[in-house]
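Me: I am new to this structure and should like to learn how to read it feature by feature. May we begin with the way its chains are arranged?

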Amino acid sequence: MAPSAYVWLLLGAAYFIIPLYATLDFSLKKNVIGTPCCTLKNYGWVVHNGDFWHTIKISFLLALETIVISLALFVPTIYLVHLKLPKLRPIIAFMALVPFVVPPIVMVVGLLRTFRGTPHWYYGTPWGFLATAYVILAFPYMFFSLDAGFRSIDVHTLTEASQSLGARWTTTLFRVILPNIRSAALAASFLTLAIVMGEFTIANLAAFHTFPIFIQYVNESQGFPAGALTLMSFGITWAAMLALLVVGRKRGARGAVIAGAR
Amino acid sequence: MSYLQLENLHRSFGSFQALKGINIDLEQGEFLSLLGPSGCGKTTALRLVAGFDQPNAGRILVEGKDLTRVPPNKRDMGMVFQAYSLFPNMTARQNVEFGLKIRGKSKGDRAKPVDDLLELVGLAHAVDRYPHQLSGGMQQRVALARALAIEPRVLLLDEPLSALDAKVRVQLREEIRRIQLELGITTLYVTHDQEEALAISDHVAVMYGGVIEQMGTPAEMYTAPATPFVAEFIGTMNRLDSKVTDGATGEVEHSGLRLQVDAAKGRRNGERVLVLIRPESLELEAATNGSAPNSFQGEVLTQTFLGPVTRVKVTGSGTNLIADMSTARAAALPVGARVSAKIPSEGAKLISLPDDGPGLPVLDPDDH
Amino acid sequence: MAVEGRRVGPPITTQAAPEALRPDIVSGRKRRSLAWIATLPFFAYTIAFLFVPAGAVMLGAFQDKHDHATFSNIRLLFHHPYIDAYWGSIRISLITAVIGAIFGMFVAYAAIREGTPRWIRSALSTFSGVAANFGGIPLAFAFIATLGPLGVVTVWFRSSGYDLSTKWPHFQLFSERGIELAYLYFQLPLMILVIAPAIDGLKREWREAASNLGAKGWQFWRYVGIPVLMPSFLGAFILLFGNAFAAYATAYSINQGQNIVPILIGAYYTGNVLDNPHLAQALAFGMFVVLALMMLIYIPLQRRSARWAK
């Protein structure tokens with residue numbers, strides 16, 4: 001391997017590993033002054049913390065809700081576009097780029113203003129306000145993933161074959177189309193999971209108590225447990241991405257897209 | 001003295017030996033094809049000559065100078081790749097003048113040679129198109145012009161026509177040969193298409209398993225294959241696994257049938273040989289009651305219409321034979337007809353087989 | 001009539017079935033209008049939750065406390081500290097985009113090029129996918145743990161007698177440089193992921209052909225490699241810029257007082273200084289304008305660099 005390649009890869013590796021190592025170091029510290037390592041007390045603190053489980057559950061359920069709504073909304077639409085309304089595709093593709101141009105910080109400002117007068121079950125609970133916002137956040141990733149999935153199968157032939165055998169639309173959709181885009185849908189779902197589990201901006205400004213909010217609170221108030229928490233949250237992201245890679249590799253889908261909690 | 005010399009080239013990749021000692025001498029202006037199936041080492045050899053790879057042993061010499069350690073950008077050879085080699089961000093003209101630009105030729109100096117070359121390959125009308133706007137055949141013409149622009153000492157072509165349509169292939173190979181003859185440039189050509197190699201080369205070297213099985217003119221390769229592999233690889237050949245029964249008279253025995261083959265004279269009795277007969281040499285007639293001399297009795301299995309010629313497959317005595325005959329004559333021998341296939345005693349060739357060897361090499365049909 | 005040597009059967013006639021008898025066309029038309037209706041939920045949703053809120057922000061930027069039309073909020077943007085926040089955001093975004101793009105490309109190329117073992121490429125790909133998502137709050141902590149006042153690296157240097165903040169490079173995590181360093185943690189992987197397909201697309205044959213024609217390494221890059229990569233590079237750069245520009249959580253977690261636009265916007269909602277909601281909207285509108293301007297610069301550049309492409 002060329003020596004210059006070595007240098008770049010090593011530099012890159014160092015840059016990425018050192019912060020992770022530092023986090024690990026913090027998470028195992030007993031206190032600030034350099035007493036000898038190590039303790040698992042911080043991890044214990046996290047695991048025994050009620051808020052930890054509470055917020056993780058909220059974020060996780062929120063992710064599930066987002067995924068379900070997204071799939072229910074986008075799969076039939078993209079299916080129809082591929083099947084019957086191909087002219088619509090560029091329009092929807094353009095719309096899918098809008099969330100990239102309208103940052104979450106801007107979007108939450110607009111959402112808070114627009115829906116201020118709405119009833120509490122929507123405006124005041126994460127299952128309403130946050131979920132609908134997260135569906136929009138996930139929209140670009142959902143669209144490009146599902147779109148690629150639909151493009152890789154022959155939608156027309158499958159649909160016509162199914163109909164010629166007597167199936168109704170619902171049957172065709174659920175038993176023929178869905179299984180075939182399964183890996184694209186799964187990939188998009190894992191991506192959405194990562195997004196929701198890491199989303200801070202909207203949750204913060206709209207004052208909901210999700211997992212990232214909890215992490216920030218711990219960051220501000222407790223030094224060492226924050227390290228343990230950070231690593232655990234990193235592990236969750238890592239697990240989601242790994243699942244995405246496994247799923248993606250099965251059908252040869254292209255590399256992971258970036259969800260970005262920023 | 002030879003112009004391009006490959007001296008005892010060896011190349012291994014781990015435990016796999018791609019080249020096991022190749023020796024080639026090319027005269028100036030000669031066109032040599034390296035012909036063989038995938039994996040035989042022909043592309044490896046070409047890449048060694050180009051300098052993209054280093055041999056484990058052996059040398060490469062041009063005009064007597066040892067180039068083995070010289071980097072590829074200093075060897076002064078022009079290479080045409082199989083596909084995708086045109087720089088996508090440059091027009092045809094810019095691609096062709098690239099080599100001259102690198103050599104520091106000014107824009108004015110570059111213009112005429114480039115224009116001339118593009119005209120030579122028949123693309124004067126498309127000089128300002130980008131590669132994605134050109135068909136496969138046109139791209140390869142540009143690639144050829146680009147390789148020739150630097151006035152290389154040696155022209156190397158790595159299966160340049162494999163990725164093209166059949167008709168384009170035939171047309172372009174004629175042009176490559178024409179240009180090569182016109183410029184008199186020493187050329188090394190790699191292909192797996194034996195018809196292509198035989199059609200345009202001065203000499204052909206058939207490779208298999210990292211060695212050169214036989215090297216000679218196309219006519220020699222076709223009429224007098226020296227090894228079982230070459231016999232199988234070049235053209236279609238009837239091969240009869242036989243044993244010499246009488247070396248004095250040239251009599252051999254195949255599947256219980258006694259045949260007279262002149263080439264068997266002088267062989268020792270009991271020797272295992274391969275009798276080779278080209279399909280066009282086999283004479284087919286409707287079977288008569290008596291047994292004609294030096295003939296197989298059998299019946300027509302299939303007929304394949306090839307235009308002026310029809311390929312007739314005959315089966316009998318546990319052997320299948322292929323005979324090419326004019327379509328008119330083939331009409332008289334429909335499928336199922338009983339026929340007698342006469343083996344011309346002078347027309348058949350002979351190759352020795354090891355006495356208890358593995359028999360005939362099995363080839364991937366796609367390699368033809 | 002029989003042609004010599006061949007048999008010809010009786011002529012076969014075909015007729016297109018009259019349209020009235022072809023069910024698929026008739027119901028096809030009907031079904032297409034049904035299909036339009038079926039896409040309504042999607043459009044309704046995106047309009048309601050994306051376009052209307054975005055529009056509300058744009059409108060609100062031009063209103064005052066009493067909902068009258070005004071430019072006063074917009075005008076305010078050009079004063080301190082707001083204009084400084086914009087410059088800060090733009091600076092950070094440009095710097096992290098440039099550094100991320102260039103270094104990301106080097107790292108990606110190092111991993112993908114011929115001589116490198118395959119496992120390195122897979123490892124880099126996997127890691128990049130994860131690291132690009134490791135942003136926001138957890139990332140902020142990781143950097144505090146590394147380069148903060150009590151960070152591992154800071155302490156290590158200090159114990160060797162070298163105070164990073166007072167001597168070169170005068171580094172403070174809670175500064176613009178610190179934020180940039182943290183942002184690179186997700187910018188670099190993003191670049192690697194986005195540019196990898198383009199690097200894959202650099203065919204080996206081009207390198208070899210260039211070499212065969214006499215070009216040295218740098219000549220290949222200058223005349224072929226970089227021009228071919230440029231369109232993808234520009235696209236990746238814009239992506240990186242937008243990514244950094246929009247980022248909120250990381251900066252918030254490292255330094256809540258950081259003077260960038262997202263923090264400023266958030267300041268209103270987290271109950272700090274601003275008491276004018278329309279100012280927050282004006283700030284958001286300003287972000288949108290900056291992004292639009294970047295696109296205006298980017299699009300012609302991109303088109304020019306991809307003149308030769310399909």
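Reply: Certainly; please keep in mind that this is a predicted model. A useful start is to ask which chains touch. Chain A and chain B do not touch, and their nearest C-alpha atoms are 15 Å apart. Of the two pairs of chains that touch, chains A and C have the most contacts.

Me: How many residues of chain C are in contact with chain A, and how many of chain A take part?

Reply: The size of an interface is often given as the accessible area lost when the parts come together. Here one may instead count residues: 73 from chain C are in contact with 67 from chain A. Helix 2 of chain C, residues 40-60, supplies the largest share of the chain C side, with twelve residues. By class, that side of chain C holds 50 nonpolar, 20 polar and three charged residues.

Me: What does the contact between chain B and chain C take from each chain?

Reply: It takes 20 residues from chain B and 17 residues from chain C. On the chain B side, the elements that give two or more residues are strand 6 (77-80) and helix 2 (92-102) of chain B. The residues on that side of chain B comprise 13 nonpolar, six polar and one charged.

Me: How should I read the fold of chain C, and how many helices and strands does it have?

Reply: One lists the elements in sequence order and then looks at how the chain contacts itself. Chain C has 13 helices and zero strands, which gives the pattern α-α-α-α-α-α-α-α-α-α-α-α-α along the sequence. Among its contacts between residues at least 6 apart in sequence, 74% join residues at least 24 apart. Of the 310 residues of chain C, 42% count as buried.

Me: Is helix 6 of chain C mostly covered or mostly uncovered?

Reply: An α-helix has 3.6 residues a turn, so residues three or four places apart point the same way. In this case, helix 6 of chain C is mostly covered, with twelve of its twelve residues buried. Among them are C:Gly136, C:Pro138, C:Phe141, C:Phe143 and C:Thr146. The helix covers residues 136-147 and reaches 16 Å from its first C-alpha to its last, close to the 16 Å expected at 1.5 Å a residue.

Me: Which residues touch the most other members of the largest nonpolar core?

Reply: In soluble globular proteins, nonpolar side chains tend to be buried together. The largest nonpolar core here has 263 residues, of which A:Ala133 and A:Leu146 touch the most other members. This core also draws at least three residues from each of domain 1 and domain 2 of chain B. Leaving aside neighbours within four places in sequence, A:Leu146 is in contact with A:Phe74, A:Val75, A:Ile78, A:Ile181, A:Ala184, A:Ala185 and A:Ala188.

Me: Where do the domains of chain B lie in its sequence?

Reply: Domain 1 of chain B spans 4-228 and domain 2 spans 236-355. Their C-alpha centres lie 39 Å apart. Each domain gives five residues to the contact between them. The domain 1 side has four nonpolar, one polar and no charged residues.

Me: Finally, what is the mean pLDDT of chain B?

Reply: The mean pLDDT of chain B is 89, and 95% of its residues reach 70 or more. Over residues 364-368 of chain B, however, the pLDDT is below 50, and this stretch has five contacts in the model beyond near neighbours in sequence. Where pLDDT is low, the predicted coordinates should not be read in detail.

Technical notes. Residues are numbered from 1 along each chain as its sequence is written. Chains are lettered from A and ligands numbered from 1 in the order in which they are written. This is a predicted model: local features need pLDDT of at least 70, side-chain atom pairs count only at pLDDT 80 or more; totals for chains, interfaces and linings use all residues. Two residues are in contact if their C-beta atoms, placed from the backbone, lie within 7 Å. Helices (H or I, at least four residues) and strands (E, at least two) are DSSP runs, numbered from the N terminus. Ala, Val, Leu, Ile, Met, Phe, Trp, Tyr, Cys and Pro count as nonpolar, Asp, Glu, Lys and Arg as charged, and the others, Gly among them, as polar. A residue is buried if 20 or more other C-beta atoms lie within 10 Å of its own, exposed if 12 or fewer, and partly exposed in between; C-beta atoms are placed from the backbone. Domain bounds come from an automatic or database domain assignment. The expected span of a helix is 1.5 Å times one less than its number of residues. A nonpolar core is a set of buried Ala, Val, Leu, Ile, Met, Phe, Trp, Tyr and Cys residues joined through C-beta atoms within 7 Å. pLDDT is the predictor's confidence in each residue, from 0 to 100.
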